[in-house]
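Reader: I am new to reading structures, and I would like to understand how the descriptive words are justified. Could we go through a few of them slowly?

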Amino acid sequence: MTIWTPSLEGRSGPTYRAIADAVADAIADGSLKPGDRLPTHRDLAWALGVTVATVTRAYQEARRRDLIDGEVGRGTFVRPPDTDENPSAVRRFHLPPLEEFSESGPINLSLNFPPLLGQEQAFAETLAEISRSNGLGQMLTYQHSLGVPEHRAAGARWLKRVGLTARPEQIAVTCGGQHAMETSISALCRPGDTVLTEPLTYPGMKALAGQWDIKLAPVACDGEGILPDALEDAIRQHAPRALYTMPTLQNPTSATMSEGRRRALAAIAERAEMFVIEDDVYGLMPQDRPPPLVSWLPRHGIYLTSSSKSMAPGLRLGWVCAPLAIIDRFQVALRASCWMAPPLMGEVARRWIDSGFADEIVGKLQQDVRVRWKMVEESLGDHVADNDRSSYHLWIRLPEHWRADAFADQLQRMGVIVMPAETFAVGKQRPTPAIRVCVGAMTTLRRTEEGLRIIARALREGPDHLIAAM
């Protein structure tokens, strides 16, 4: 391990960013060289007198800047620079921290969440109602790790909107969709296990795999999702513990599986006794969709959803539906990670579900996304022909000879932030060049439209022209 401890004296801003700045300075002055191993999170936290969480966030920031890489079991290392002689070093595309975004800065079309359409006023009114109720004490003390019984029952009622019938006893309440994923990995997998995914998958799963020492293996897809034959081959090759998939409005491609495809995949998983983790956070956006994949997996189906894409991201509430035979595993995982989801947020969601306001939000979002798609089609035309019009995220394929990460870099220099295909790729093979564009809540409609026009211009002019023009 490299004997290196940064000095934070004289550095301003949050501590985590000061540590990341110190890493950058040490690399620049040669104190840290490519391949040098950094202190463990715990050792550096002890040396600096900060929390382990602060060091973790600092290393994440340094990784975002392409300064370091981490390998499970080996530690954290200074990464080599990208050069023509080192083409195997695939550079990560990085984004500014969320707090740096503003309406006067870059047009951020990279983050995928819906707009607020009246939730603020409803939230204030709901909090006032709760404050006048007799249940405040319940909001301020420990509850069952799987959630308050009434909140679990509300979750079961909410899942009926997508055609999933579940008993409250099958529901676990989590701190959002990402936490639902982490809880599922913790409950089902052990270090070294393999989890199958689409070749392009939600980056949050990639992050969890790194934290939990889980191997991800891609399964070939066509236009609607995972191919049954490819799934059978992957099961034989990898003996996986689970499949993680997003059958409805897949992130990033927006593909939705047909009912026939879902039945075929469920039959294969059931024969292999393999768990299927179905991430359905976008499941309420389409007005017409097949039943959840787990409908045909009573023993091995794990269903995840959250309030982030259907109510409000800040509620930080998610729901897991699991077979009764293994729900205790989720209780253990929840207790280990957070003990319980905040009862106050669970109560807000319960009241919105039972009053019908949650359904009203979904209806407004379905109308809003149609408005945004008119802008998309006017700006991008045939470039988005294969996308689902009920999705806030778009998948734009680029010419084969382009590099998506380089194209995204150029767009960022032009003032628009998007995600390249490399961000979502699983496995060592470079993905087909494409970018994901989100047209939800990160900017105003005016700036979203402006960002789409800039993307359209970049697609017309091509990367060589743009490089020459800058």
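Author: Let us begin with two helices of this predicted model: α1 and α3 are described as oblique to each other.

Reader: What makes α1 and α3 oblique to each other?

Author: The axes of α1 (residues 15–28) and α3 (residues 52–64) cross at roughly 50° and come within 8 Å. Angles under 35 degrees would count as roughly parallel and those from 65 to 115 as roughly perpendicular, so an angle between these ranges is called oblique, and α1 and α3 are therefore oblique. The crossing in which α1 passes α3 is right-handed, and the contact is made by T15, Y16, I19 and A20 of α1 together with T54, R57, A58, E61 and A62 of α3.

Reader: How do you know which strands pair with β5, and in which sense?

Author: Two strands pair if there are at least two bridges between them. β5 and β6 (residues 215–218) have four bridges in the parallel sense, with K215 of β6 as the bridge partner of T194. β5 and β9 (residues 242–245) have two bridges, again in the parallel sense, and here L196 stands opposite L243 of β9. Both counts satisfy the requirement of at least two, so both are pairings.

Reader: Why are both faces of β5 called covered?

Author: In a regular strand the side chains alternate between the two faces of the sheet. In β5 (residues 194–197), T194 and L196 lie on one side and V195 and T197 on the other, and all of them are buried. Buried means under 20% relative accessible area, so both faces of β5 are described as covered.

Definitions and conventions: Residues are numbered from 1 along each chain as its sequence is written. This is a predicted model: local features need pLDDT of at least 70, side-chain atom pairs count only at pLDDT 80 or more; totals for chains, interfaces and linings use all residues. Side-chain values use heavy atoms; hydrogens and water are left out. Buried means under 20% relative accessible area, exposed over 50%, partly exposed in between (1.4 Å probe, protein chains only). Axes are lines fitted to C-alpha atoms, for helices over the stretch in contact, and angles run from 0 to 180 degrees between N-to-C directions. Angles under 35 degrees count as roughly parallel, over 145 as roughly antiparallel, 65 to 115 as roughly perpendicular and the rest as oblique. A crossing is left-handed if the near helix is turned anticlockwise from the far one by less than a right angle, and right-handed if clockwise. Contact means heavy atoms within 4.5 Å.
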